[in-house]
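Thank you all for making the time this morning. I would like to walk you through one chain, strand by strand where that helps, and I will begin with a single pair of residues before widening the view.

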Amino acid sequence: MWICWNVFLTCSRIGGLTLSFAVEFENASKFQFNRFELGRKLGFLSLFRRSIAGNSASIDQFAVLDNAQLQIPSQSHFVILCTQRDAQVALTRILGGLTFLTSGALRVAGVTQIVSTKARMQRPLLSLRRHLNSLNTFIGLTRSQSQRNTQEVIELFKAQELENEKLVDIAPELIAKMNYFTTLFSPAEVLIFDDVYIHDFPEAHQKALVGKTAIYIACRAKFPTAVFDQGSILHEGKFLQTSSFPRLIENFENLTTLDQVVAASEQSLSFEENEDDVLIEEELSRPPVQRVLPRSVSVLSLAVLDADKKPANQIRTGDSCFFSVSYEIPNPPQVLPEVFVAVGIRTGTKPLIAAWSELIDRSFSDIPPKGQFTLSIPRMPLLPGIYGINCSVRTKEQVLDKICWDECFEVVEGDFYRTGPKEVVPVGVFCIDFDWKLDQTHEA
Amino acid sequence: MKPSFKNIFTMLTLGFRQGWFLFLNEFQQRYRMTFLGYWWSVVKPIAACLPLLFVGKHFEFNPSDDQTPYELFAVTSLIFWNVFWTAATQTLYFGRRCRKVISEYRLSDTAIISAAAIQVSMEFAMSFPFVLVLAYLFDSPLHAQGFFSLGVLPILAIAGFGLALPLVPFSLIYHDIHYGFGFLGQALFWTAPVVYAMPTNGPLYYINFFNPISYLIIVPRTLLLLGNFTHPNFFLVSCAAVLIVFSAGFLFFHRSIRTALDYQL
């Protein structure tokens, strides 16, 4: 009876959008039982108490969403950082259409698909091909789509000889990766990733995301931030949002450690409306926390651009690329001395490239209140790998602002020497220009 | 997805294919650690029949005016009863066994019904030859009109689905449904004239009279064994009642299964 009652109280809509947003939460609420606190013996009493109290959160429930608002643009890479693991799981299920909201509305432009390495219907005696076919069927593909998708994944992993082997005889890691790419290749318009994976086939991954909206829901802030366009934090049922990725990571880490939000300025928290940002404003009543460094110039974001000056999360070795550093001056007008910009590329904590404007005697004076510094690298010398970036704006005397990103962008195989594909693979960190000659004048 | 014939057909075929994979995976798993293996699906219906045949023949449950041997009478009824009861139990079984799959994927609502229907079809296909064997052994002819009794099979299966579907969401939260469902089966079994002829008076007559399952068992049995179509009006009313109950049960299942999965421990 309680389930019947709850069914009629649930009001969630999933339908097509005419706006440019791929996903829209409107006054969305979702309260979920803390499963480990709900014991079966008291199950009936808990349900009865909840039905008397109505849909408000009670001691047995936590708020996954509490009158939350969020709009995710179409064809964007959006990350949602959750401060609670349960909220991450629940939000993934909500966006995947596996559970309903308690109240409010969720609108999605198209079909959603959760991309995951796990496959619940996996059975050890199934053959690999049949496992992939059944996975495709369970995610809703037609027979022809399913067979095509299965064939594509098997060819990607070059696993033709394994397709009739039982899953119990195949390495679990391989099966997990194939599950991941099987769900990734589905024709859904909105893909939901329950974590950020470093994958083996970046080109196939990138190709699969063309024209689609990717939503990454994570609990940790360690991921290549250059992959993403925008982000938000889900904290205590509300979507918090910042206008730049460094702030997002910083705020998330503060929420998870100090339970406080770092203020963009010393004033009360209000996120500035920016034309490039998603149209959500959230004002928190918490007191701002003082920053350590007073910022006269604030680094907002870093974008990695390919040779065509288009945003890219991967650069090929040998290709030209650009790094675009957006900044603003929080308190104009302010007369600033000449400033220098520095971008350092590193792996882990080990610095590799120092692209400091001081080294080439380049400084910037009378900079406008908002703008972009662009670093151009004619030929990316780094070999394939994932790299982090340190970016700072400084004067001769002091550092005005410094931001560090771990695992920011990826370098993939390319053609540094413009000699075409080779069987030998260079090792090390860099490619350098060099030449070989035979000295015929030397006599033994 | 907009409601159109093409989309409905796509949904039904998708549900059937999903149900097929659910059935195949569970069927392999079910008999994995057994000696007889898949032969259990043949042994089980026979083993269930034998005690009932023995007791029924001893107490002469067969109708007095019917020349049909009791063994043939009872086995035929049991096979049709099994269609109904297997549909009900397998719906609950797949709902419970595949709850993780249902919670992780947006399965079509017809996937569980399809899996149960495939199981029912398989068991019927394996057990119906016994009717032919018994008819041959007892030299009792089967009538051509019995072919139409196959048309009752979907109605029997739908009756089973209609009984079990509303219970699937509850069964995910309360295991009492699984523990108590067997008792319901026992009660329904003896309130329908499965292994006995419908009496002409007494309380059992009224119980049989108002039980819609009675006509869904009697009609195919008499079509096959006697070539008669008895109780046509009551049969049609039973069919209508089954369809109404199934529709309501399916709608409830569709609205509540996701909510019930939220409360999985």
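Please find C321(A) first, which stands opposite I377(A) in strand β15(A). Before I go further, let me say that what you have in front of you is a predicted model, and everything I describe should be heard with that in mind. The strand to hold on to here is β12(A), residues 321–328, which pairs with β15(A) in the antiparallel sense over 8 bridges. Further along that pairing, V325(A) has F373(A) of β15(A) opposite.

On its other side, β12(A) pairs with β10(A), again in the antiparallel sense, this time over 7 bridges, and within that pairing F323(A) of β12(A) is the bridge partner of V304(A). Put together, these strands form an open sheet of 3 strands in the order β10-β12-β15 of chain A, with antiparallel pairing. The edge strands of the sheet are β10(A), residues 298–305, and β15(A), residues 370–377, each of which pairs on one side only. Neighbouring strands in this sheet are turned against each other by 20° on average, if direction is ignored.

How much of β12(A) is buried? The strand is largely enclosed by the rest of the structure, because 8 of its 8 residues are buried. Both of its faces are covered: on one side C321(A), F323(A), V325(A) and Y327(A) are buried, and on the other side F322(A), S324(A), S326(A) and E328(A) are buried as well. You will notice that the second of these faces includes S324(A), S326(A) and E328(A) alongside F322(A).

Let me now turn to the other sheet I want to show. Here 6 strands form an open sheet, in the order β5-β6-β7-β3-β8-β9 of chain A, and the pairing is mixed. Its edge strands are β5(A), residues 112–115, and β9(A), residues 238–240, each pairing on one side only. From one strand to the next the twist averages 25°.

Within this sheet I would look at β6(A), residues 190–193, which pairs with β5(A) in the parallel sense over 4 bridges, and with β7(A), also in the parallel sense, over 4 bridges. On the β5(A) side, V115(A) stands opposite F193(A) of β6(A), while on the β7(A) side I192(A) has I215(A) as its bridge partner. The side chains of β6(A) divide into V190(A) and I192(A), which point one way, and L191(A) and F193(A), which point the other way, and all of them are buried.

What lies across these strands? Helix α3(A) lies across β3, β5, β6, β7, β8 and β9 of chain A, running at about 155° to β7(A). Helix α6(A), residues 172–184, lies across β5 and β6 of chain A and runs at about 165° to β5(A).

Helix α3(A), residues 85–95, deserves a further word, since 8 of its 11 residues are buried and the helix is mostly covered. The buried residues in α3(A) are A87(A), Q88(A), A90(A), L91(A), T92(A), R93(A), I94(A) and L95(A). Just after the helix, G97(A) takes a positive phi of about 75°.

On the other side of that helix in sequence, T83(A) is found in the loop between β3(A), residues 77–82, and α3(A). Is T83(A) partly exposed or buried? It counts as partly exposed because its relative accessibility is 23%, where the cut-off for buried is under 20%. T83(A) and L234(A) are 151 residues apart in sequence, yet their C-alpha atoms are 6.5 Å apart in space.

That pair leads me to the chain as a whole. Chain A has 8 helices and 17 strands, and 49% of its 444 residues are buried. Among contacts in chain A with a separation of 6 or more, 73% are between residues 24 or more positions apart. The accessible surface comes to about 23,100 Å², and 53% of that belongs to carbon and sulfur atoms.

I will finish on that surface, where Y417(A), F430(A), I432(A), F434(A) and W436(A) form a nonpolar patch with about 610 Å² of accessible area together. One of these residues, F434(A), has its place in the segment after β17(A), residues 399–412.

Definitions and conventions:
Residues are numbered from 1 along each chain as its sequence is written. Chains are lettered from A and ligands numbered from 1 in the order in which they are written. This is a predicted model: local features need pLDDT of at least 70, side-chain atom pairs count only at pLDDT 80 or more; totals for chains, interfaces and linings use all residues. Side-chain values use heavy atoms; hydrogens and water are left out. Two strands pair if DSSP finds at least two bridges between them. Helices (H or I, at least four residues) and strands (E, at least two) are DSSP runs, numbered from the N terminus. Axes are lines fitted to C-alpha atoms, for helices over the stretch in contact, and angles run from 0 to 180 degrees between N-to-C directions. Buried means under 20% relative accessible area, exposed over 50%, partly exposed in between (1.4 Å probe, protein chains only). Patches are made of residues with over 30% relative accessible area and no salt bridge: like charges are joined within 9 Å, nonpolar side chains (Val, Leu, Ile, Met, Phe, Trp, Tyr) within 5 Å. Accessible areas come from the Shrake-Rupley method with a 1.4 Å probe; for residues, only the protein chains shown count as cover. A salt bridge is a side-chain nitrogen of Lys or Arg within 4 Å of a carboxyl oxygen of Asp or Glu. Contact means heavy atoms within 4.5 Å.
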